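Subject: Structure handover

Hi,

Here is the structure I said I would pass on. Please open it next to this email and follow along.

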Amino acid sequence: MARRGGAPEVSAGSMADIAFLLLIFFLVTTTIETSAGLDRKLPPMEEILDPPVIKQKNIFTVVINREGQLLVEDELINVKDLKAKAIAFLDNGGDGTCAYCKGAKDAESSDNPAKAIISLKNDRETKYGTYVTIQNELVGAYNELRNREAMRLFKTKFTDLDAEYTNPETKDKLSEEAYEKLKEKIKRIQQLFPLILSEAETN
Amino acid sequence: MSKFKKKKEGELPAVSTASLPDIVFMLLFFFMTVTVMKDSSLKVENTLPNANEIKKLEKKDRIVYIYVGKPTKEYEKTFGKESKIQLNDKFADVSEVGSYILSEIAKKPQELQDKITTALKVDREANMGLISDIKQELRKVNALKINYTTNEGDAFTNLK
């Protein structure tokens with residue numbers, strides 16, 4: 001019998017099989033990437049000609065040895081206590097110029113958050129995992145203080161503001177004005193508690 | 001004389017599989033879009049440490065990766081058990097890091113070249129000495145933005 005009208009229909013029955021094959025291929029090759037971490041900025045290389053004199057009380061020294069033990073301000077402490085110590089140091093406001101500080105106002109500790117420096121020193125044989133934990137705790141200390149200030153000023157957390165700012169979708173969603181405002185807010189909080197972390201060259 | 005045959009009792013109607021391809025295609029497209037093809041296979045052990053104060057690294061186009069860790073079993077014989085740096089697909093020396101970063105930056109589009117972040121994917125067992133050396137190299141080539149890539153989790157588990 002002669003065919004009438006059009007080409008014969010292509011069977012779609014095996015479509016599912018083909019799709020499954022591709023699906024399994026992509027399932028196997030997929031690596032959902034872990035792309036999160038601690039951001040840090042390295043100091044530039046150029047030598048500073050006459051380094052400013054920094055008062056000892058404005059420096060919070062953290063030393064990690066090769067066993068992963070922690071020496072903070074010449075005192076052996078547990079890593080779990082580091083965050084609280086760092087917060088106490090940063091939030092101290094010793095000379096009374098810091099209106100928003102809620103610390104102990106101890107004259108022997110840091111003058112102002114803008115002057116407070118955390119100095120981190122580690123051994124060449126310190127494990128990277130330990131180092132990251134310490135970094136994490138120190139960043140945590142800053143984040144907690146910044147969150148507190150952001151809560152007071154803008155009724156949101158600093159970490160939320162920052163996450164919103166770094167999210168690439170935000171720029172399209174917000175108007176230019178709102179985006180600039182967000183940037184301003186983040187800058188303002190960062191100025192209240194600037195992250196000053198000095199890392200000595202290891203020996 | 002009935003025109004319609006009665007169906008036998010107790011026989012279940014077959015489930016239509018006509019929409020199966022659609023469902024599978026949907027899944028397929030999902031995985032196709034989220035897939036990031038690995039551009040280099042890891043030759044080093046890479047158990048990332050945990051941290052909880054992390055920031056997400058958006059914009060993958062402006063990141064250069066450096067892997068550090070012990071060579072995996074396959075390469076242990078040739079490269080030993082000490083931590084090594086892996087750049088792209090091969091092991092490298094600390095002194096090569098600078099030129100690698102510069103060449104990677106040069107590959108990126110002009111407008112992104114000053115926004116490059118170096119993501120350090122370091123095994124938690126690696127020693128800080130090597131990391132410090134890498135950081136020193138990065139400073140030399142003025143690649144100052146770095147990111148210690150970590151998994152999300154309790155940071156104190158790193159200490160064990």
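Below is what I found, starting with the sheet in chain A.

First, a caveat: this is a predicted model.

**The sheet in chain A**

Five strands make an open sheet here, ordered β4-β3-β2-β5-β6, with mixed pairing. Which strands stand at the edges? They are β4 (75-77) and β6 (197-199) of chain A. Each has a single partner strand, so one side of each lacks a neighbour in the sheet. From one strand to the next, the twist averages 25°.

Look at the β4 end. Strand β3 (residues 70-72) of chain A runs antiparallel to β4(A), and three bridges join them. In that pairing, A:Val72 stands opposite A:Glu75 of β4(A). Helix α2 (residues 82-90) of chain A lies across β2 (59-64), β3, β4 and β5 (117-122) of chain A. Its direction is at about 20° to β3(A).

**Strand β6 in chain B**

Now turn to strand β6 (residues 117-122) of chain B. Is β6(B) covered on one face or on both? Both faces are covered. B:Thr117, B:Ala119 and B:Lys121 are buried on one side. B:Thr118, B:Leu120 and B:Val122 are buried on the other. That makes six of six residues buried. In general, side chains in a regular strand alternate between the two faces of the sheet.

β6(B) has parallel pairings with two strands, β3(B) and β7(B). With strand β3 (residues 63-69) of chain B, the pairing spans six bridges. There, B:Ile63 stands opposite B:Thr117. With strand β7 (residues 145-149) of chain B, the pairing spans three bridges. There, B:Thr118 has B:Ile146 as its bridge partner. The chain gets from β6(B) to β7(B) through helix α4 (residues 128-140) of chain B, a right-handed β-α-β crossover.

**Where the chains meet**

The contact takes 51 residues from chain A and 54 residues from chain B. On the chain A side, α1 (15-29), β1 (36-41), α3 (128-154) and α4 (158-166) each supply at least two residues. Which of the elements gives the most? That is α3(A), with twelve residues. By class, the chain A side has 22 nonpolar, 19 polar and ten charged residues.

Strand pairing also crosses between the chains. β1(A) pairs with strand β2 (residues 55-56) of chain B in the antiparallel sense, over two bridges. One bridge there partners A:Ala36 with B:Lys56.

Over to you.

Best wishes

Conventions
Residues are numbered from 1 along each chain as its sequence is written. Chains are lettered from A and ligands numbered from 1 in the order in which they are written. This is a predicted model: local features need pLDDT of at least 70, side-chain atom pairs count only at pLDDT 80 or more; totals for chains, interfaces and linings use all residues. A residue is buried if 20 or more other C-beta atoms lie within 10 Å of its own, exposed if 12 or fewer, and partly exposed in between; C-beta atoms are placed from the backbone. Helices (H or I, at least four residues) and strands (E, at least two) are DSSP runs, numbered from the N terminus. Two strands pair if DSSP finds at least two bridges between them. A crossover is right-handed if, with the strands pointing away from the viewer, the path from the first strand over the helix to the second runs clockwise. Two residues are in contact if their C-beta atoms, placed from the backbone, lie within 7 Å. Ala, Val, Leu, Ile, Met, Phe, Trp, Tyr, Cys and Pro count as nonpolar, Asp, Glu, Lys and Arg as charged, and the others, Gly among them, as polar. Axes are lines fitted to C-alpha atoms, for helices over the stretch in contact, and angles run from 0 to 180 degrees between N-to-C directions.
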